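I opened this notebook to record what I looked up in one structure. The entries follow the order in which I made the queries.

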Amino acid sequence: MQKMHKIVLISPTATRPGFISKFFRFPPLNLALLAALAPDNDYTIIDENIDTVEYDSEKIQKADIIGLTVMTAQAPRAYELADRMREMGKTVIMGGIHVSALPEEALEHCDAVVVGEAEGIWPKLLEDCEGGKLQKIYKNKELPDLSDLPVPRRNLLKRKNYLGFNTLHVSRGCPFNCFFCAVSRFFGARYRFRPVKEVIKEIETMIEADKISFWRKAIAKLWDKAPVDPFAFLDDNIFGQKEYARELFEALAPLRIFWGGQASVNVATPENEDLLKLAAKSGCRFLFIGFESIDQSSLTGIGKKVNKPEMYAQAVKLLHKYGITVLGAFVFGFDGEDETVFKRTVDFAKLIKLDLAQFAILTPLPGTRLMEKLREEKRILDENWSRYSFRTAVFEPSGMSPEELTRGKEWAWQEFYSWSSILRRLPPLTNLPRLLVYAISNIAYRLFRRPG
Ligand code: SF4
């Protein structure tokens, strides 16, 4: 019989832990899913954005395996934790997008790396941990099929620490392969979907497990919604394949939930209005859209073919028509941009009445074509991964200095969340639910999401 391992899975911190994390972070669902892939083991999950890693705690002292999930900005901290855990005699395994791109770097700090997705690999890896058969690299030959995935073990996560606890995925992969993004390389350049039936079953188990407060129950009743916290689909584009989206939204409608997700801007066009209507009917109240840039030349440069700046205003208007709050994400630092880009972008975001916006600095993540290009051109200024958090310039921009780029991005945050901007973008006072979401989220961004 296979040994039952004591496993501590850690999501290391990349930024500032504490109260802010509660507003802006989702729980590490990938770790809860990993635990479900080989459930006959004793798991503890530590999200360092919320909790601290206590080396002398009983859980860590008794653990034989430590698993770390690593995004680029988390890498230095992950390596620090890994080095210490190995000194303590633990077997350390790493996975995630950063170490999948740079497994050799990670192997200086850990015993094995899972490259890509862990389905089909994790149970075998745990088996190999016995008897010294552990290999250095584990990688699936094919991208895993997403049917019959187990339900993530959300009971290992501390629900009370997250405002947005009810998260799930329905798909992986992206066909667009944008120049600056690692998603297509990591998850494949085509969409893979979970069967809708299985997604609905998972949501039903989550509704059952959600014990919300008396007040939130009362609010749900007022809106004739199920007594459950809102759901967030973490997929890169919940509308990626229209037939699937239609099937999903039709199946979601009877559950009477609220949900949010990510989408490409090209979904919000008059031709897709029936799909948007269906999304709204199924409970969609929030969409995150990667606008990236208001300049066509920048979008062409990064290969984001689905975005056309002339679509943006109409897209936001159409989403508002169906009561959907829009968070638009913009990136600064593309080749050809000069210092006028900050004001032009913020003015535009105000003009089209974006409910919320995020402003990031173009960041060349390992494994992307952007990183290869900037390396070739010798424009990378800094390889300290902790600075790869989209907040500071780590490369030489073409049309301004790195300091001007960082300062401009900070100005954009401040200006967009100034009181005058918040008032100017206010939704119609007659739409009370949207108004409430707008006010709370803008104030939360203004108070807690400091630039820098
Ligand atoms: S930026 Fe979005 S559309 Fe482009 S490859 Fe990444 S996930 Fe796909």
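The entries below cover domains, a pocket, cavities and one helix pair.

**Entry 1: domains.** I noted at the outset that I was working with a predicted model. I then looked up the domain assignment, which gives domain 1 as residues 6-139 and domain 2 as residues 164-448. Taken over C-alpha atoms, the centres of domain 1 and domain 2 are 27 Å apart. I recorded that 24 residues of domain 1 and 24 residues of domain 2 take part in the contact.

**Entry 2: the second largest pocket.** I asked which residues lie nearest the centre of the second largest pocket. They are V115, G116, K139, R185 and F186, out of a lining of 19 residues. For the volume of this pocket I obtained about 340 Å³. Sorted by class, its lining comprises 9 nonpolar, 5 polar and 5 charged residues. I next checked where the lining comes from: domain 1 and domain 2 each provide at least three residues. Among the helices, α5 (97-101) and α8 (183-187) each contribute at least two residues to the lining of this pocket.

**Entry 3: cavities.** How many cavities of 30 Å³ or more does the structure hold? I found 2 of them.

The largest cavity has a volume of about 70 Å³. I listed its lining as I45, I46, D47, I50, D51, L156, L157, K158, N161 and Y162. By class, I counted 6 nonpolar, 1 polar and 3 charged residues in that lining.

The second largest cavity encloses about 30 Å³ of space. Its lining consists of T72, I97, H98, A101, A182, L365 and P366. Here the classes are 5 nonpolar, 2 polar and no charged residues. I also looked up the domains behind this lining, and at least three residues come from each of domain 1 and domain 2. I97 and A101, listed in this lining, fall in the range of α5 (97-101), which also supplies residues to the second largest pocket.

**Entry 4: helices α9 and α11.** I turned last to the packing of α9 (residues 196-209) against α11 (residues 242-252). The angle between the two helices is about 35°, and their axes are 10 Å apart. Is the crossing left-handed or right-handed? I recorded a right-handed crossing of α9 past α11. On the α9 side, the residues in contact are V196, V199, I200 and I203. On the α11 side, they are Y244, E247, L248, A251 and L252. I classed the residues of this contact as 8 nonpolar, no polar and 1 charged.

**Entry 5: recapitulation.** I note that the second largest pocket and the second largest cavity each draw on domain 1 and domain 2 for their linings. The contact of α9 with α11 contains 1 charged residue, whereas the lining of the second largest cavity contains none.

Key
Residues are numbered from 1 along each chain as its sequence is written. This is a predicted model: local features need pLDDT of at least 70, side-chain atom pairs count only at pLDDT 80 or more; totals for chains, interfaces and linings use all residues. Side-chain values use heavy atoms; hydrogens and water are left out. Axes are lines fitted to C-alpha atoms, for helices over the stretch in contact, and angles run from 0 to 180 degrees between N-to-C directions. Helices (H or I, at least four residues) and strands (E, at least two) are DSSP runs, numbered from the N terminus. A crossing is left-handed if the near helix is turned anticlockwise from the far one by less than a right angle, and right-handed if clockwise. Contact means heavy atoms within 4.5 Å. Ala, Val, Leu, Ile, Met, Phe, Trp, Tyr, Cys and Pro count as nonpolar, Asp, Glu, Lys and Arg as charged, and the others, Gly among them, as polar. On a 1 Å grid over the protein atoms alone, a cavity is a set of points where a 1.4 Å probe fits but cannot get out, and a pocket is an open set with protein on both sides within 12 Å along at least five of seven lines; lining residues have an atom within 4 Å of a point. Grid points are joined across faces, edges and corners, and a volume is the space filled by probe spheres set on the points. Domain bounds come from an automatic or database domain assignment.
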